[in-house]
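User: I am new to this structure and would like to understand the terms used for it. Please explain each one as we go.

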Amino acid sequence: MLPPFLRRFLLSCTVAFVILPGGQAQDAHDPSAFRGLPVRSTLSNPSIESRVELLLNQMTLEEKIGQLVQYSAGTPTGPGTGRGDYQDMIAKGQVGSLFNLEDARAANRYQHIAVEKSRLHIPLLNGLDVIHGYRTEFPVPLGLASTWDPKIVEKAARLAAQEASASGVRWTFSPMVDIARDPRWGRIIEGAGEDPYLGSVMARAYVRGYQGATLGAPDSIIACPKHYVGYGASEGGRDYNTTEISEHTLREVYLPPFYAALDEGAASIMSAFSSLNGVPATANPFTLTQILRKEWQFPGLVVSDWTSVAELISHGIANDGETAAWKALAAGVDMDMESNLYHEHLMDLVKSGKVSEAQIDEAVRRALRVKFSLGLFDNPYTDETRENHGPLAKENLELARAAAERSFVLLKNKLTGPRRVLPLSNDTQTIALIGPLADDAAEMLGSWAGRGQPKDVITLKSALAQRIGAGRLKYAAGGTIMTATEEQISAAVTAARSSDVAILALGEDAPSMTAEASSRAHLELPGRQEELLQKVAATGKPVILVLFSGRPLTLTWAFEHVPAVLAAWFPGVQAGPALVRTLYGESVPSGKLVVTWPHSIGQIPLYYNALNTGRPAGNADLTHPAPNSNEKYVSRYIDEPNAPQFPFGYGLSYTEFRYSPPESSAAKLSANDLNEYLHSDKAQARPVITVGAHVTNSGRVAAEEVVQLYLRLRGTSIEEPVRALKAFERLSLAPGETKRVTFSLAPDVFALWDIHNERKVEPCRVSIWVSPDSERGQPIELDISK
Ligand code: BGC
């Protein structure tokens, strides 16, 4: 690592002009401005660099271009290209990477061609979307993030890497670190929600897990944070749609998780489909060159998204494939996924002088760097005996179960008489289990389920039957997710009538309603499920709703009338056991929402870390109006409260927690002091203040609580959010126990991107909350003077 002064000096020397395709230079930035530190890379290795140069010197232009070409040679995950001549092309050195291959045998088959038949024996890099597990499927990423437990996420990613690499996969297109503030967007399920800090913590955890201690180990796979950048802000939540994001918001909200992933060592990154402020992300010199290469100095590989190079034509910034290829490469996309345009046009572009061979060399270096770092030149093949075709190992199932348990968010649990509906008592004699998701193994795997198999899944129905005996369980599917007949609904009602309690397993259809190309304009339960719920509830039996979804759903009726609701997302292979243990209280819910849960679609976008308005409704410090506020000229709807159904960070437990007011080790800080540390490597390491609070478990069961620290800065050069998460900690508390949580805050916690888009600490007023979610708690105040 370079000493801080040298890093700063080098940074200040970075070129301030971005050359746009088309030749015009655009004044991008004041070169003396401080914009952040370069990322730490796992790819900077002098011996690898010399091997890269040696090889590059032997390569023909055609072979170089080949390294920048990628095809899917398995089940397509986007529109097909119609190509199938990969073997031929590989033998000629015209392909650098394949993805979507079935197994280790397929990977080895292609690798043999690359290594034995191509002139320079350059191995292929084999990729796949390993998103929340490979064979051992974990909860979907939104669920994994809801654990607020980076350790378990890292372990899940490590296991995924071990399993995937045993099948010949050395590159995963994960983690998706797009900040998402709109639950209509189907891909909200693939990420960590709406918060840049939590998103960054999770991004780092995935990268550590996938890439392991060293990239060269045979069970390491490289991570690929995606989709760079802003894709989550697609207008109206409609997938692939346009985004408009100011530079300030880009730097404060959308870029941090990418920075975190790369700083943790992620060796590749994927450009997005969407256009950003009128420039498609796959041909965006500002994000791909200025930020990624110049400010962050990222030495790894940029891959386009599926045909996103060709889509530059639809975006309207290229009228033909040649121009599209040129613009993407010139902006900084090294590898063309599926468009076929680098293969078809780069040669001519070099011949005509529009693209220099030096530009091609730079992109090839990045591809080779990654291949050398993975050890592919020394060990190109996968040991096929490592691949697991048998049942899943016990310890892996335990990990999957623990992750699922932590991902559940208890949204409601009403007192009925002396006790709450949940946990279920062992005295409950008969249970009606109702709903299309109670016994659907494939659904439990969620979307982007790698090589997960329904036969590995234990459903809620089988786990519950196992627990209480089939005789005490009355099961009725009540129809499918999309349809139900009168008979199916009335069979469900009959089952409920003759039982002590009814558990309803309802929700979305994972493959068609969540993830890519699955945006929804309506966020209710699909089909007749709400009707089913209402009719079962009308029996008067206590009802527990277990909700399977890839996003918050607007279930106003259910949240008002159903006494207990558990958000289960799509929990993976151990869905059933994790749910049964949770319903019976052997596992106490501790997940917290990572997205604000709206009341109605009209409120969207609705996120906690919003800016205050000049006319805030209700308390000026909060975004929410007082319930019966009659004020007219305030920022509110006339027909809907501003408040969400449930705030970010929210989640109930089977116990109660009491928080003391927070205390801090100082009431004043100096901006000058903080800035001195901020711009050096010490920024992370040196805490400047501690803030603590006492948290008491005032209930009767041992449980874990995610304690959250938020702050607000006021009096700054640019508006800052009403609250911003800056730290959190999972605490384990016995009944009656009190623990003190102490957060050590480093200078970067108080930093912002100022009105000139420079990163600094400004003199300001700071409010700090230590609280169970993003709405509760009383802040302490401190001042940052000059
Ligand atoms: C998705 C990416 C994915 C790629 C490869 C695209 O359609 O947007 O997230 O990694 O396909 O499967």
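Analyst: Pro-175 is placed in the loop between β6 (171-172) and α8 (196-211). The model is predicted, so local features need pLDDT of at least 70 and side-chain atom pairs count only at pLDDT 80 or more, while totals for chains, interfaces and linings use all residues. Residues are numbered from 1 along each chain as its sequence is written, and side-chain values use heavy atoms, with hydrogens and water left out.

User: What makes β6 a strand and α8 a helix?

Analyst: Helices (H or I, at least four residues) and strands (E, at least two) are DSSP runs, numbered from the N terminus. The run 171-172 is β6 and the run 196-211 is α8.

User: Which peptide bonds are cis, one of them being from Ser-174 to Pro-175?

Analyst: The bond from Ser-174 to Pro-175 is cis, with omega near 5 degrees. Another cis bond joins Leu-422 and Pro-423, with omega about 0 degrees. Pro-423 lies in the loop between β14 (419-420) and β15 (431-434). Most peptide bonds are trans.

User: How do you know that the ligand sits in the largest cavity?

Analyst: On a 1 Å grid over the protein atoms alone, a cavity is a set of points where a 1.4 Å probe fits but cannot get out; lining residues have an atom within 4 Å of a point. A molecule sits in a cavity if more than half of its atoms lie within 2 Å of its grid points. The ligand therefore meets that condition for the largest cavity.

User: What is the volume of the largest cavity?

Analyst: The volume is about 110 Å³, where a volume is the space filled by probe spheres set on the points, joined across faces, edges and corners. Of the 14 lining residues, Asp-129, Asp-305, Trp-306, Trp-448 and Glu-516 are the closest to the centre of this cavity.

User: Why is the contact of Thr-77 with the ligand called polar?

Analyst: A polar contact is a pair of N or O atoms within 3.5 Å. A polar side-chain atom of Thr-77 lies 2.6 Å from an oxygen atom of the ligand, so this pair falls within the limit. For Asp-305 the distance to a ligand oxygen atom is likewise 2.6 Å, and for Glu-516 the value is 2.8 Å.

Methods
A polar contact is a pair of N or O atoms within 3.5 Å; within protein, one must be able to donate a hydrogen and the other to accept it, and residues adjacent in sequence count only if both atoms are side-chain atoms. On a 1 Å grid over the protein atoms alone, a cavity is a set of points where a 1.4 Å probe fits but cannot get out, and a pocket is an open set with protein on both sides within 12 Å along at least five of seven lines; lining residues have an atom within 4 Å of a point.
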